[in-house]
Amino acid sequence: MDRVAKLASQKAVVIFSKSSCCMCHAIKRLFYEQGVSPAIYELDEDARGREMEWALMRLGCNPPVPAVFIGGKFVGSANTIMTLQLNGSLKNLLKNAGAIWL
C-alpha cells in the first residue's frame with residue numbers, strides 16, 4: 001500500500017495499468033490526447049506488480065486496472081474517468097493538479 005501511495009504522489013497523473021488491458025490502453029490514450037504525460041506503471045511488467053494490484057483492490061479498485069491518480073488522489077478506474085471526461089470535469093481536475101495549463 002505504501003508503494004502505491006508513494007508512486008501515486010510522484011507526478012500529477014499516475015496510471016496503474018497492465019500492458020495487455022484494452023481499457024488501460026484507452027485511458028492512457030485519452031490522457032495523451034489531452035496533452036498529459038502521465039507516469040504509467042505496468043503491473044504485469046513489475047516484479048512487485050501483484051502486490052501493488054492487491055493494494056489497489058484494497059483501495060476499492062475493482063477491477064484493479066486501470067487505476068488513475070490525479071494530484072496524488074485516487075480518482076477511479078475507466079468508468080469514472082470516462083464519466084469525468086464526458087461531463088467536462090476531467091479537464092478541471094487536470095488543470096488543478098498541474099498536469100495541463102490550458
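The legends below describe views of a predicted model of one chain.

**View 1. Overall fold of the chain.** The secondary structure consists of five helices and four strands. In sequence order these elements follow the pattern α-β-α-β-α-β-β-α-α. The C-alpha trace spans about 35 × 25 × 20 Å along its principal axes. The radius of gyration is 12 Å, which agrees with the value near 13 Å for a compact globule with 102 residues. Of the 102 residues in the chain, 41% are buried. Contacts between residues at least 6 apart in sequence include 63% that join residues at least 24 apart.

**View 2. The four-stranded sheet.** The strands form an open sheet in the order β2-β1-β3-β4, with mixed pairing. β2 and β4 are the edge strands, each pairing on one side only. On average, neighbouring strands of this sheet are turned by 25 degrees against each other, direction ignored. Helix α5 packs on the sheet and touches β1, β3 and β4. The direction of α5 makes about 50 degrees with that of β3.

**View 3. Strand β1 and its surroundings.** Strand β1 covers residues 13-17. Five of its five residues are buried, so β1 is largely enclosed by the rest of the structure. Both faces of the strand are covered. V13, I15 and S17 are buried on one side, and V14 and F16 are buried on the other.

**View 4. Pairing of β1 with β3 and β2.** Strands of a sheet pair through backbone hydrogen bonds, either parallel or antiparallel. β1 pairs with strand β3 (residues 67-70) in the antiparallel sense, over four bridges. In this pairing, V13 of β1 stands opposite I70 of β3. Strand β2 (residues 39-42) runs parallel to β1, and four bridges join the two. I15 of β1 has I40 of β2 as its bridge partner. Between β1 and β2 the chain crosses through helix α2 (residues 22-33), and this β-α-β crossover is right-handed.

**View 5. The two sides of helix α4.** Helix α4 runs over residues 78-87, and A78, I81 and L84 in this helix are buried. These three residues lie on the same side of α4 because they cover an arc of only 135 degrees around the axis. An α-helix has 3.6 residues a turn, so residues three or four places apart point the same way. N79 and L86, on the other side of α4, are exposed.

**View 6. Packing partners and the end of helix α4.** The buried residues of α4 pack against two helices, α2 and α5 (89-97). They also pack against two strands, β3 and β4 (73-76). G88 follows α4 and has a positive phi, near 90 degrees.

Notes: Residues are numbered from 1 along each chain as its sequence is written. This is a predicted model: local features need pLDDT of at least 70, side-chain atom pairs count only at pLDDT 80 or more; totals for chains, interfaces and linings use all residues. Side-chain values use heavy atoms; hydrogens and water are left out. Buried means under 20% relative accessible area, exposed over 50%, partly exposed in between (1.4 Å probe, protein chains only). Two strands pair if DSSP finds at least two bridges between them. A crossover is right-handed if, with the strands pointing away from the viewer, the path from the first strand over the helix to the second runs clockwise. The arc is that of the directions from the helix axis to the C-beta atoms. Contact means heavy atoms within 4.5 Å. Axes are lines fitted to C-alpha atoms, for helices over the stretch in contact, and angles run from 0 to 180 degrees between N-to-C directions. The radius of gyration is taken over C-alpha atoms; the globule rule is 2.2 Å times the number of residues to the power 0.38.
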